Amino acid sequence: MFKVKHFLDTVEPDDGQRIWVEPIGLTRDLREMCQITNVLSHFGPPMSLWQWFEKHPDGYDYFRAQYHEWLANGPHREALAELVFLALRDNITLIYQGDDPAHNTATALYEFLSELEAY
């Protein structure tokens, strides 16, 4: 099962693997403080798209569409399918850094992964 959380949200026992999915890295201190299991920045959107979204927070629909297209046609499609398979057995929490709990990188990735899972 997938969960989506902000990096400062409380860590819970059922979070399972906590995966950072922003296209920027984390310092070791922040990674330890937030109990991030894996930093998978390569699953995040292209930096130019991420920066655009940072400047246009009302443009989530455009951001999500572009991000989903990039994920669908990108080099990590097989790895994303494996992540979906893993989430069928174990909990995985996708971690984001934005301010909006409904419109962020992890939510957009979760929506893409949910569509993969449906297939």
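Me: In which helix is T107 placed, and is T107 buried or exposed?
Reply: This is a predicted model. T107 belongs to helix α5, residues 105-118. Its relative accessibility is 11%, and because buried means under 20%, T107 counts as buried.

Me: Which residues is T107 in contact with, once its neighbours within four places in sequence are left aside?
Reply: With those neighbours left out, T107 has contacts to V4, Y60, P101 and A102. Of these, Y60 recurs in helix α3, where Y60 is among the buried residues.

Me: How is a pair of packed helices described?
Reply: Two values are used, the angle between the axes and the distance between the axes. Here, helix α2 (residues 47-55) packs with helix α3 (residues 60-73) at an angle of about 170 degrees, and the axes are 10 Å apart. Angles over 145 degrees count as roughly antiparallel, so α2 is roughly antiparallel to α3.

Me: Which residues of α2 and α3 meet?
Reply: From α2 come L49, W50, W52 and F53; from α3 come Y60, Y62, F63, Q66 and Y67. By class, the residues of this contact are eight nonpolar, one polar and no charged.

Me: What span should the 14 residues of α3 have?
Reply: At 1.5 Å a residue the expected span is 20 Å, and the end C-alpha atoms of α3 are 20 Å apart, which agrees.

Me: Which residues of α3 are buried, and where do they fall when seen down the axis?
Reply: Y60, F63, Y67, H68 and L71 are the buried residues of α3. Viewed along the axis they fall within an arc of 125 degrees, so they line one face of the helix. The face turned away from that buried side carries D61 and N73, which are exposed.

Me: What is the corresponding reading for the buried residues of α2?
Reply: L49, W50 and F53 are buried in α2. Their arc, seen down the axis of α2, is within 100 degrees, so these residues too line one face of their helix. S48 and K55 are exposed on the other side of α2.

Me: Where is L83 found, and what is L83 in contact with?
Reply: L83 sits in helix α4, residues 77-89. With a relative accessibility of 9%, L83 counts as buried. Beyond its neighbours within four places in sequence, L83 contacts F2, I19, F43, I92 and L113. For L113, the separation from L83 is 30 residues in sequence and 8.3 Å in space, taken C-alpha to C-alpha.

Me: In which strand does I95 lie, and which residues does I95 touch?
Reply: I95 is part of strand β4, residues 92-96. I95 counts as buried, at 0% relative accessibility. Not counting residues up to four places away in sequence, I95 touches K5, H6, F7, R18, I19, W20, V21, E22, I36 and A106. I19 is also listed among the contacts of L83. The C-alpha atoms of I95 and V39 are 9.4 Å apart, with their positions 56 residues apart along the chain.

Me: Which sign does phi have in most residues other than glycine?
Reply: In most of them phi is negative. In this model Q35 has a positive phi, near 55 degrees, and Q35 is a residue other than glycine. Q35 is in the loop between α1 (28-33) and β3 (38-39). The relative accessible area of Q35 is 47%, so Q35 is partly exposed.

Note on methods:
Residues are numbered from 1 along each chain as its sequence is written. This is a predicted model: local features need pLDDT of at least 70, side-chain atom pairs count only at pLDDT 80 or more; totals for chains, interfaces and linings use all residues. Side-chain values use heavy atoms; hydrogens and water are left out. Axes are lines fitted to C-alpha atoms, for helices over the stretch in contact, and angles run from 0 to 180 degrees between N-to-C directions. Helices (H or I, at least four residues) and strands (E, at least two) are DSSP runs, numbered from the N terminus. Angles under 35 degrees count as roughly parallel, over 145 as roughly antiparallel, 65 to 115 as roughly perpendicular and the rest as oblique. Contact means heavy atoms within 4.5 Å. Ala, Val, Leu, Ile, Met, Phe, Trp, Tyr, Cys and Pro count as nonpolar, Asp, Glu, Lys and Arg as charged, and the others, Gly among them, as polar. The expected span of a helix is 1.5 Å times one less than its number of residues. Buried means under 20% relative accessible area, exposed over 50%, partly exposed in between (1.4 Å probe, protein chains only). The arc is that of the directions from the helix axis to the C-beta atoms.
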